Amino acid sequence: MEEKEQINRVVERLKSARKIFFITGAGVSAESGVPTFRGKDGWWRNYNPVELASPEGFARDPKTVWEWYNYRRQIIRQAKPNPAHIAIAEFEKYFSDVLVATQNVDGLHQSAGNKNVVEIHGSIWRTRCIKEGICFGKDDIDTEKEVPPRCPRCNSLLRPDVVWFGEMLPQSALAEIDSFLTSSPTVDVTFVVGTSALFAYIQHWALWTQRNGAIIVEINLDPTPLTEYADFVFHKPAGEVLPEFLKNFHSDSKNS
Ligand code: OAD
């Protein structure tokens, strides 16, 4: 099917839709200059995920882990939401029920204006005491002053409040997504954007909505494990495709 035709069909579905689910990954922030993890310029090409993004790696060498997170914070601090983030935020204006489940820890969906964001892998801006589990906000701790930073209450190490390999997703995030997926009405359109979709929970959420009547729209430069199940697939940058849906959605509403 030609791209234009695919866009028309998705827009057709959007016109009667009430509930929209976005599952997003690093590819959504790529056009803001934030590196992805896999792929040609991804972090995992040159860095070892076990050393930088696991509890074992942190226990072995917290300084190196923090240097990497501080470096990523610097990149993200300079990044601005791109047309993909802005389009996703705009969906909240036109649909009453929108949830963004993001693997991104950069906060750019919120900067773009999205209110209903579940950060399933945490936030790079928060820190957490490894002893007491207390979290600190963005401006509470200067993570570059002392590396690794320490808890102001008990002097234990602070870690980034993100999910590392081998760790559970936050229970509160899972509960929020479950409640969105199982409450009425059912999801009409699930957009899976800029994620390699390698984690089972990503595949599971998308396919669950499809079994319950949603269409899956995948937007990714490359194929993923979900591609063969998706109803519509766009192998293009998210910042080019997502605004197209809204543009066509608007012009159709004006004409009708
Ligand atoms: P990945 O780096 O695994 O995948 C990024 C995906 O985005 C790839 O499939 C790319 O093809 C696609 N992509 C890149 N640029 C794009 C663009 N402009 N438009 C659309 N798609 C684009 O990132 P995630 O799937 O988010 O976890 O990775 C999931 C998790 O694995 C991350 O949260 C991180 C990582 O290891 C941890 O650090 C624990």
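This section describes the overall form of a predicted protein model and one of its sheets.

The protein chain contains 11 helices and nine strands. Its C-alpha trace spans about 60 × 35 × 30 Å along the principal axes. The radius of gyration of the protein chain is 19 Å. A compact globule of 256 residues would have a value near 18 Å, so the two agree.

Of the 256 residues in the protein chain, 49% are buried, that is, under 20% relative accessible area. The accessible surface of the chain comes to about 12,400 Å². Carbon and sulfur atoms account for 49% of that surface. Contacts were also considered by sequence separation. Among those between residues at least 6 apart in sequence, 68% join residues at least 24 apart.

The protein chain carries 29 positive and 33 negative charges. The mean positions of these two sets lie 3 Å apart.

One sheet can be described strand by strand. This open sheet has three strands in the order β5-β4-β6, and the pairing is antiparallel. Strands β5 (135–136) and β6 (158–162) stand at the edges. Each has a single partner strand, so one side of each is left without a neighbour in the sheet. Strand β4 covers residues 122–129. Five bridges link β4 to β6 in the antiparallel sense. At Gly 122, the bridge partner in β6 is Val 162.

Terms used:
Residues are numbered from 1 along each chain as its sequence is written. This is a predicted model: local features need pLDDT of at least 70, side-chain atom pairs count only at pLDDT 80 or more; totals for chains, interfaces and linings use all residues. Side-chain values use heavy atoms; hydrogens and water are left out. Helices (H or I, at least four residues) and strands (E, at least two) are DSSP runs, numbered from the N terminus. The radius of gyration is taken over C-alpha atoms; the globule rule is 2.2 Å times the number of residues to the power 0.38. Buried means under 20% relative accessible area, exposed over 50%, partly exposed in between (1.4 Å probe, protein chains only). Contact means heavy atoms within 4.5 Å. Accessible areas come from the Shrake-Rupley method with a 1.4 Å probe; for residues, only the protein chains shown count as cover. Lys and Arg count as positive and Asp and Glu as negative; His and the chain ends are not counted. The place of a charge is taken as NZ of Lys, CZ of Arg, CG of Asp or CD of Glu. Two strands pair if DSSP finds at least two bridges between them.
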